[in-house]
Amino acid sequence: MFGPIVCALAALLPGQHARIVPDVPDPRTPMPAAKDWKDPGYLRIEWIQSPNFDARKKGAVVDTIVLHSTAIGSLEKTTEVFQRTKENPVSAHFTIGRDGSIIQNVSTFDRAWHAGVSKDVTGRTSLNHYSIGIEMVNMDDGHDPYPEAQIQAVCGIIAEMKRRFPIKQIVSHEYIAVPSGRKIDPASFPWYRLKYLGLPMYFGQNKG
């Protein structure tokens, strides 16, 4: 089911400063004009680079997946927000549309700005250094559903991240946000769909 994702990610995840093989075009593209925007389509990836990223802390091991909801209604508008460099600049590594379209925003070898002030179950802080941030287009109101195509794309991305990194946990933004209660996303996500991945999951409000 996830073969197209695996093949695409193999091509689309070089380090930010890695040498690009001469015969392979740089996969990163600029944000298109509104009139030219088109969602990539189910399990298809387009890399629209966000300027909002920096280096991970030296020696940081990527071992966590953080799931978010955009609270924005479209893949285009979310990608547009990730292009802004003023007024609380943010980004994620991937954004998943309702139809399973995938926009890569930041190389997984770099730090995206998605978790904010954060702490995991072990007490480790500043999780942007150690995590892959995945945004899902959803209004985050507890009523907006997560379509099957979107869930499948999320599962495929996480499975590929497990292959590339020593992922040890999947967490909600709500669970890691400091102070507790600062975030609620991804509201009403069907976490049971990720059980087959065999990873510990931490979601809901962290009251520890």
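These legends accompany several close-up views of one predicted model.

**Figure 1. The whole chain, as a place to get your bearings.** Before zooming in, here is the overall make-up of the predicted protein chain, which has four helices and 10 strands. Read from the N terminus, the elements follow the pattern α-β-β-β-β-α-β-β-β-β-α-β-α-β. Of the 208 residues in the protein chain, 50% are buried. Among contacts with a separation of 6 or more, 76% link residues 24 or more positions apart.

**Figure 2. An open sheet of eight strands, with mixed pairing.** To trace the sheet from one edge to the other, follow the order 1-2-6-5-8-4-9-10. Strand 1 and strand 10 (201-202) sit at the edges with a single partner strand each, so one side of each has no neighbour in the sheet. Further in, strand 5 (94-96) pairs with strand 8 (131-136) in the parallel sense over three bridges. Here Thr 95 stands opposite Glu 135 of strand 8.

**Figure 3. Strand 4 (residues 64-69) and its two partners, strand 8 and strand 9.** How many bridges join strand 4 to strand 8? There are six, and the two strands pair in the parallel sense. Val 66 has Gly 133 in strand 8 as its bridge partner. Strand 9 (residues 169-172) also runs parallel to strand 4, joined to it by four bridges. In this pairing, Thr 64 has Gln 169 as its bridge partner. Six of the six residues in strand 4 are buried, and both faces of the strand are covered. One side carries Thr 64, Val 66 and His 68, while Ile 65, Leu 67 and Ser 69 lie on the other.

**Figure 4. The largest nonpolar core, with 27 residues.** As useful background, nonpolar side chains tend to be buried together in soluble globular proteins. The residues that touch the most other members of this core are Ile 65, Leu 67, Ile 134, Ile 158, Ile 170 and Leu 194. Strand 4, strand 5, strand 8 and helix 3 (148-164) each give two or more residues to the core. Which element supplies the largest share? That is helix 3, with seven residues. For a closer look, centre on Ile 158: leaving aside neighbours within four places in sequence, Ile 158 is in contact with Ile 65, Leu 67, Ile 134, Ile 170, Leu 194 and Leu 197. A second, separate core has seven residues, including Ala 115, Leu 127, Val 171 and Ile 176.

**Figure 5. The largest pocket, with a volume of about 470 Å³.** The lining of this pocket has 25 residues, and those closest to its centre are Val 90, His 114, Glu 135, His 173 and Lys 183. Glu 135 is also the residue of strand 8 that stands opposite Thr 95. Strand 4 and helix 2 (75-81) each supply at least two residues of the lining. By residue class, the lining divides into 10 nonpolar, 10 polar and five charged.

**Figure 6. Arg 44, in the loop between strand 1 (28-29) and strand 2 (45-48).** Is Arg 44 buried or exposed? Arg 44 counts as exposed because its relative accessibility is 56%, and the cut-off for exposed is over 50%. Setting aside neighbours within four places in sequence, Arg 44 is in contact with Gly 100, Ser 101 and Ile 102. Arg 44 and Ile 103 are 59 residues apart along the chain, and their C-alpha atoms are separated by 8.4 Å.

How values were computed. Residues numbered from 1 in each chain as written. Predicted model: local features only at pLDDT ≥ 70, side-chain atom pairs only at ≥ 80, totals over all residues. Heavy atoms only, no water. Buried < 20%, exposed > 50% of the residue type's maximum accessible area, 1.4 Å probe, protein only. Pairing = 2+ DSSP bridges. Core = buried A, V, L, I, M, F, W, Y, C linked by side-chain atoms within 4.5 Å. Contact = heavy atoms within 4.5 Å. 1 Å grid on protein atoms, 1.4 Å probe; cavity = no way out; pocket = protein on both sides within 12 Å on 5 of 7 lines; lining within 4 Å. Points joined across faces, edges and corners; volume = space filled by probe spheres on them. Nonpolar A, V, L, I, M, F, W, Y, C, P; charged D, E, K, R; others polar.
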